[in-house]
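Q: Please take a close look at one part of this model, the buried interior and the segments that line it, and describe it in a connected way.

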Amino acid sequence: MIKPPKAAKPEVSMSAMDAIYHRRAVRDYTPQTIDQAVIRTLLDAAVHAPTAMHEEPWSFAVIQDKNLLNRLSDSAKERVRNEAQGSDSPHAKHSLDLVNEPDFHVFYNAATLIVIYGKFQGPFVVADCWLAAENLMLAACAKGLGTCVIGFAVSALNTPEWKAELKIPAEMTAIAPIIVGVPARETPPVPRKLPEIIIWK
Ligand SMILES: Cc1cc2nc3c(=O)[nH]c(=O)nc-3n(C[C@H](O)[C@H](O)[C@H](O)COP(=O)(O)O)c2cc1C
């Protein structure tokens with residue numbers, strides 16, 4: 001396991017509310033790589049998420065090798081294709097259309113992929129990892145970086161072949177793959193419905 005040095009406290013660059021409202025799923029990046037120090041800051045923000053029973057059940061893989069990212073994208077597309085074929089749901093059809101586009105890259109050519117793994121099984125492990133994921137994405141946004149969760153990659157990352165290739169212990173589960181990079185352009189906001197309050201007593 002790679003032990004990072006203690007990350008420096010990030011300087012405040014955006015309020016929490018600004019980061020929440022400015023974060024976007026970014027799907028177009030410049031080829032610029034991100035400094036190791038910045039990545040460590042994002043990981044440090046991730047591990048400051050709340051965690052049930054203070055278990056801190058996460059581990060992180062940082063992948064910047066272009067060849068590896070291209071091969072992982074191809075594997076992910078293949079798995080999505082196989083899983084979506086035979087299903088007539090609109091969601092499966094949309095996924096199939098996407099992965100069948102010859103130029104579609106599941107990581108949108110981002111230079112960095114961070115995968116959050118759950119180290120073991122447990123009732124709140126998945127929740128903890130997603131809370132860490134959101135912390136990481138908001139911290140990235142505050143630093144002017146773009147991110148996008150890549151659910152398409154989860155299935156491939158959890159195959160024995162990819163775990164072996166990335167030297168991920170078999171008991172760990174890939175939960176949140178997140179690309180990080182310098183946005184190539186501005187991403188317009190995706191509107192949200194108003195919160196549906198079913199009860200307020
Ligand atoms: C669990 C999860 C999986 C996602 N998987 C993908 C994905 O595989 N590819 C992609 O382009 N976006 C993916 N997204 C991003 C969503 O499409 C995006 O968050 C949503 O459209 C809202 O846009 P916004 O994040 O810019 O507000 C995923 C988001 C989540 C939370």
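**A buried threonine and the interior**

A: Threonine 51 counts as buried, because its relative accessibility is 17% and the cut-off for burial is under 20%; as with everything that follows, this is read from a predicted model. Threonine 51 sits in the loop between helix H2 (36-46) and S1, and a polar atom of its side chain lies 2.9 Å from the backbone nitrogen of glutamate 56. Leaving aside neighbours within four places in sequence, threonine 51 is in contact with Glu56, Pro57, Trp58 and Asp128.

From this loop one can turn to the nonpolar interior. The largest nonpolar core has 30 residues, and those with the most contacts inside it are Phe107, Leu113, Tyr117, Ile150, Leu157, Leu166 and Ile179. Two or more residues each are given to this core by strand S1 (58-63), helix H3 (66-84), helix H4 (90-99), S2, helix H6 (154-157), helix H7 (160-166) and strand S4 (173-181), with the largest share, 5 residues, coming from H3. Apart from this core lies another, of 23 residues, among them Val125, Ala132, Ala139 and Ala176. In soluble globular proteins, nonpolar side chains tend to be buried together.

Two residues show how separate stretches of the chain meet. Isoleucine 179, leaving aside its neighbours within four places in sequence, is in contact with Val26, Tyr29, Phe107, Tyr108, Ala110, Thr112, Leu113, Gly146, Thr147, Cys148 and Ile150. Valine 115 belongs to strand S2 (residues 112-118) and counts as buried because its relative accessibility is 0%. Not counting residues up to four places away in sequence, valine 115 touches Ser59, Phe60, Ala61, Leu157, Ala174, Ala176 and Pro177. The contact with leucine 157 joins positions 42 residues apart along the chain, whose C-alpha atoms are separated by 8.9 Å.

Helix H4 shows how burial is arranged around a single element. Its buried residues are Ala92, Ser95, Leu96, Leu98 and Val99; seen down the axis of H4, these fall within an arc of 160°, so they line one face of the helix. That buried set packs against H3, whereas on the other side of H4 the residues Pro90 and Lys93 are exposed.

Key:
Residues are numbered from 1 along each chain as its sequence is written. This is a predicted model: local features need pLDDT of at least 70, side-chain atom pairs count only at pLDDT 80 or more; totals for chains, interfaces and linings use all residues. Side-chain values use heavy atoms; hydrogens and water are left out. Helices (H or I, at least four residues) and strands (E, at least two) are DSSP runs, numbered from the N terminus. Buried means under 20% relative accessible area, exposed over 50%, partly exposed in between (1.4 Å probe, protein chains only). Contact means heavy atoms within 4.5 Å. A nonpolar core is a set of buried Ala, Val, Leu, Ile, Met, Phe, Trp, Tyr and Cys residues joined through side-chain atoms within 4.5 Å. The arc is that of the directions from the helix axis to the C-beta atoms. A polar contact is a pair of N or O atoms within 3.5 Å; within protein, one must be able to donate a hydrogen and the other to accept it, and residues adjacent in sequence count only if both atoms are side-chain atoms.
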